[in-house]
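Here is a short briefing on a ligand and the pocket around it. Take a look at the structure before reading on.

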Amino acid sequence: MINVRRAAPEDAPAMSAVLIASITELCAADHRDDPAALASWLANKTPEGVGQWFANPANTILVAERDGEIAACGAFNTDRMIILNYVAPNHRFRGVSKALLAAMEAALGPGEATLDSTLTARPFYLAAGWQEAGPAKIYRLVDGYPMRKLL
Ligand SMILES: CC(C)(COP(=O)(O)OP(=O)(O)OC[C@H]1O[C@@H](n2cnc3c(N)ncnc32)[C@H](O)[C@@H]1OP(=O)(O)O)[C@@H](O)C(=O)NCCC(=O)NCCS
């Protein structure tokens, strides 16, 4: 069973573990196992780094629990941008990201929303009704693919 809820600062260590595993193991198409790209991407995903995101009132941070453990993390900001959406490898393809994205879209409410996708997640967002919104941007040595959706 999947349960999406608001995250709390106490969740930061578990969120950090999910983010590091998701990026390292699932996003190889993006970082191409380049140590510099991976190090730069993971730099702010430590428990301390994740903990700091809670201090920013512009961020709404969610976690999806599956079978009682944190399986994915998501966040969006007051600019209506989805800034985080990562599932743990052991919970992949079990409907977790779909449930988390649906919860974020519902919380955002009607209007345009944006995100910068990984190469890995592009087909996932396209299947969820998101559209390409311009050329790739270089983020921390990794490309981000701008997308938008009218919610
Ligand atoms: C691609 C990814 C986002 C999908 O998330 P997930 O939680 O594993 O997937 P879900 O179970 O929610 O399934 C969503 C969709 O993935 C696709 N999918 C499901 N099982 C699949 C499989 N075995 N193989 C390929 N695609 C599959 C389907 O399109 C599915 O939608 P459907 O159920 O309507 O057919 C995720 O696996 C991933 O790689 N995340 C890495 C982190 C990342 O790049 N995040 C984005 C940051 S912008």
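Which helices and strands each supply at least two residues of the lining of the largest pocket? They are α1, β2 (59-66), β4, α5, β5, α6 and β8 (142-150). The model is predicted. The ligand sits in this largest pocket.

**The pocket**
- The largest pocket holds about 990 Å³ of space.
- Its lining counts 38 residues, and Leu84, Asn85, Tyr86, Thr118 and Tyr125 are the closest to the pocket's centre.
- Strand β4 gives the most to this lining, with seven residues.
- Sorted by class, the lining of the largest pocket has 20 nonpolar, eleven polar and seven charged residues.

**The shell around the ligand**
- The ligand has 20 residues around it.
- Phe93, Gly95, Ser97, Lys98 and Thr118 come nearest to the ligand.
- Thr118 thus appears in two lists: it is among the residues nearest the ligand, and it is among those closest to the centre of the largest pocket.
- Five elements each supply at least two residues of the shell: α1 (12-26), β4 (81-87), α5 (96-108), β5 (112-117) and α6 (122-127).
- These elements also each supply at least two residues of the pocket lining, where β2 and β8 do so as well.
- By class, the shell has nine nonpolar, seven polar and four charged residues.

**Polar contacts with the ligand**
- Lys98 has a polar side-chain atom 2.4 Å from an oxygen atom of the ligand.
- For Ser97, an N or O atom in the side chain is 2.7 Å from a ligand oxygen atom.
- Arg92 places a polar side-chain atom 2.8 Å from an oxygen atom of the ligand.
- On its own, the ligand has 960 Å² of accessible area, and the protein covers 69% of that.

Conventions:
Residues are numbered from 1 along each chain as its sequence is written. This is a predicted model: local features need pLDDT of at least 70, side-chain atom pairs count only at pLDDT 80 or more; totals for chains, interfaces and linings use all residues. Side-chain values use heavy atoms; hydrogens and water are left out. A residue is near a molecule or strand if one of its heavy atoms lies within 4 Å of it. A polar contact is a pair of N or O atoms within 3.5 Å; within protein, one must be able to donate a hydrogen and the other to accept it, and residues adjacent in sequence count only if both atoms are side-chain atoms. Accessible areas come from the Shrake-Rupley method with a 1.4 Å probe; for residues, only the protein chains shown count as cover. On a 1 Å grid over the protein atoms alone, a cavity is a set of points where a 1.4 Å probe fits but cannot get out, and a pocket is an open set with protein on both sides within 12 Å along at least five of seven lines; lining residues have an atom within 4 Å of a point. A molecule sits in a cavity or pocket if more than half of its atoms lie within 2 Å of its grid points. Helices (H or I, at least four residues) and strands (E, at least two) are DSSP runs, numbered from the N terminus. Ala, Val, Leu, Ile, Met, Phe, Trp, Tyr, Cys and Pro count as nonpolar, Asp, Glu, Lys and Arg as charged, and the others, Gly among them, as polar. Grid points are joined across faces, edges and corners, and a volume is the space filled by probe spheres set on the points.
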